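Please open the model in your viewer and keep the selection panel at hand. The tour below proceeds stop by stop, stating at each one what to select and what is found there.

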Amino acid sequence: MLQGKHIILGISGGIAAYKSVYLLRLLIKAGAEVQVVITPAGKEFITPVTLSALSGKPVVSEFFTANTGQWNSHVDLGLWADAMVIAPATASTIAKMANGVADNMLITTYLSAKAPVFVAPAMDLDMFAHPTTTRNIDLLRSYGNHIIEPTSGELASHLVGKGRMAEPESIVAHLEQFFASAQDLAGKNVLITAGPTYEKIDPVRFIGNYSSGKMGYAIAEEAARRGANVTIVSGPVSIKAQHESIKVIGIESAREMHQHCTQLFPAMDIAIMCAAVADYAPAQQFDAKIKREKDEIPTITLVKNPDIAADLGQMKTPRQKLIGFALETNDEEANAQAKLAKKNLDAIVLNSLRDKDACFGTDTNKITIFFADGSNKQYGLKPKAEVAKDIIDSII
Ligand code: C5P
């Protein structure tokens, strides 16, 4: 999978840099062409001589080569790469990446890189657990970077905890898996609904829900990365699609979502219904703001919204796959199975409000996927980007 791939190996200044030598050797053995970019602090831990001997290329560290004045182009490097791996990524490098502090060649290269970026953090347990680091890593993740989680164990400080850089074999496995799945949705048209719907009451009020759209957008990013033409029909959310090939159609109400989805569905290969669609909408929408009356409490009469997933289930042809979500608070499995059948879905992704950190607005989720053939797959709590990968893998 790595044969002929152009990989930038970014090394920052941490004890785990000694493992990067072995990582470099593994990458070269796997057939990759590797350009090492090292920070000034990184050079305190391992020497460029070792790295250039193993990679067969001069190591890049400074913006200029001192004696000739030759400029090292981070832009060219960023365009050359099929992937960039930053291992070890120290707390400082992660913070600079998250905030665009471009004061060394590794960060300028990162900011210029068009290719996917993999970040393998390595630091002491308390630095890793610090809210600043957590926030910076979340930021990097939200920009579409792949975080290769550190493991727990004995650290350079002899303290025991989470912060050990992932082993070189595991980093290579991540890259191989990434390239293996790189284009397996090429040419497929994928429709995704995401976010909440807002059902208008009057010009300033609506009925809505807590959906952030994060899960749907994460699935869209993963599908687009794997070559699909992705359209998101999205309720109001505060996040943006990152991948340039994702088309977003913004809507407010369930009726608008229904209208777009039924129109788009015949041209789709896969539809994933992630949106938290309101089941009911006010029967009447007021053009002027409803005023507070002294004694009278207004009554809002509701009417049923169309069930988008169920209607697409009716339209579905054998070449199409339709996947729904079920967010349950009780009798989770039975409810999910019932919805799978009722809406004529091929699979349904269950998440329970009983699971901590697995729902609205969080960056993590814990799912079970039930398939129409009666089988199911359970997963542990993971970042939504990884959950998205599991869902797409299952569809494939
Ligand atoms: O019936 P329930 O709302 O629990 O079903 C959830 C699944 O159905 C989700 O995939 C959701 O996106 C979809 N749905 C829909 N239109 C609705 C209600 C739910 O597409 N009106």
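Is K43 buried, exposed or partly exposed? In this predicted model, K43 is partly exposed, with a relative accessible area of 29%.

**A salt bridge between two loops**

Keep K43 selected and add E62: the two form a salt bridge, with their closest N and O atoms 2.9 Å apart. E62 lies in the loop between helix 2 (48–55) and helix 3, while K43 lies in the loop between strand 2 (33–38) and helix 2, so the pair ties together parts that are 19 residues apart in sequence. E62 also counts as partly exposed, at 39% relative accessibility.

**The whole protein**

Now display the full C-alpha trace, which spans about 80 × 55 × 40 Å along its principal axes. The protein has 13 helices and 21 strands. Of its 396 residues, 48% are buried. The accessible surface comes to about 19,100 Å², and 53% of that belongs to carbon and sulfur atoms.

**A surface patch and a buried threonine**

Select F64, W71, V75 and L79, which form a nonpolar patch on the surface with about 420 Å² of accessible area together. V75 belongs to helix 3 (residues 74–80) and is partly exposed, at a relative accessible area of 35%.

Next, select T109 in helix 5 (residues 105–112). T109 is buried, with a relative accessible area of 0%. Apart from neighbours within four places in sequence, T109 is in contact with I8, V37, H74, L77, G78 and M84.

**A hairpin**

Proceed to strand 6 (residues 151–154) and strand 7 (residues 160–164), which pair in the antiparallel sense over four bridges. G153 of this pair stands opposite G161 in strand 7. Five residues lie between the strands of the hairpin, where H158 takes a positive phi near 75°.

**The eight-stranded sheet**

Which order do the strands of the open sheet follow? Colour the eight strands in the order 12-11-8-13-16-17-19-20; their pairing is mixed. Strand 12 (247–250) and strand 20 (376–378) stand at the edges with a single partner strand each, so one side of each has no neighbour in the sheet. From one strand to the next, the twist averages 15°.

At one edge, strand 11 (residues 229–234) and strand 12 pair in the parallel sense over four bridges. Here T231 stands opposite K247 in strand 12. Helix 10 (residues 254–264) packs on the sheet, touching strand 8 (189–194), strand 11 and strand 12, and its direction makes about 160° with that of strand 11.

Then select helix 13 (residues 384–395), which lies across strand 13 (270–273), strand 16 (321–328), strand 17 (347–352), strand 19 (368–371) and strand 20. Helix 13 runs at about 15° to strand 19.

**Further salt bridges**

The count of salt bridges comes to 19. Select R205 and D202, whose side chains meet in one of them at 2.5 Å, N to O. R205 counts as partly exposed at 34% relative accessibility, whereas D202 is buried at 1%.

Finally, select E222 and R226, which form a salt bridge with the closest N and O atoms 2.8 Å apart. Both E222 and R226 are buried. Extend the selection to D184, R225, K389 and D393: salt bridges that share partners join these residues with E222 and R226 into one network.

Technical notes
Residues are numbered from 1 along each chain as its sequence is written. This is a predicted model: local features need pLDDT of at least 70, side-chain atom pairs count only at pLDDT 80 or more; totals for chains, interfaces and linings use all residues. Side-chain values use heavy atoms; hydrogens and water are left out. Two strands pair if DSSP finds at least two bridges between them. Axes are lines fitted to C-alpha atoms, for helices over the stretch in contact, and angles run from 0 to 180 degrees between N-to-C directions. Contact means heavy atoms within 4.5 Å. Patches are made of residues with over 30% relative accessible area and no salt bridge: like charges are joined within 9 Å, nonpolar side chains (Val, Leu, Ile, Met, Phe, Trp, Tyr) within 5 Å. Accessible areas come from the Shrake-Rupley method with a 1.4 Å probe; for residues, only the protein chains shown count as cover. A salt bridge is a side-chain nitrogen of Lys or Arg within 4 Å of a carboxyl oxygen of Asp or Glu. Buried means under 20% relative accessible area, exposed over 50%, partly exposed in between (1.4 Å probe, protein chains only).
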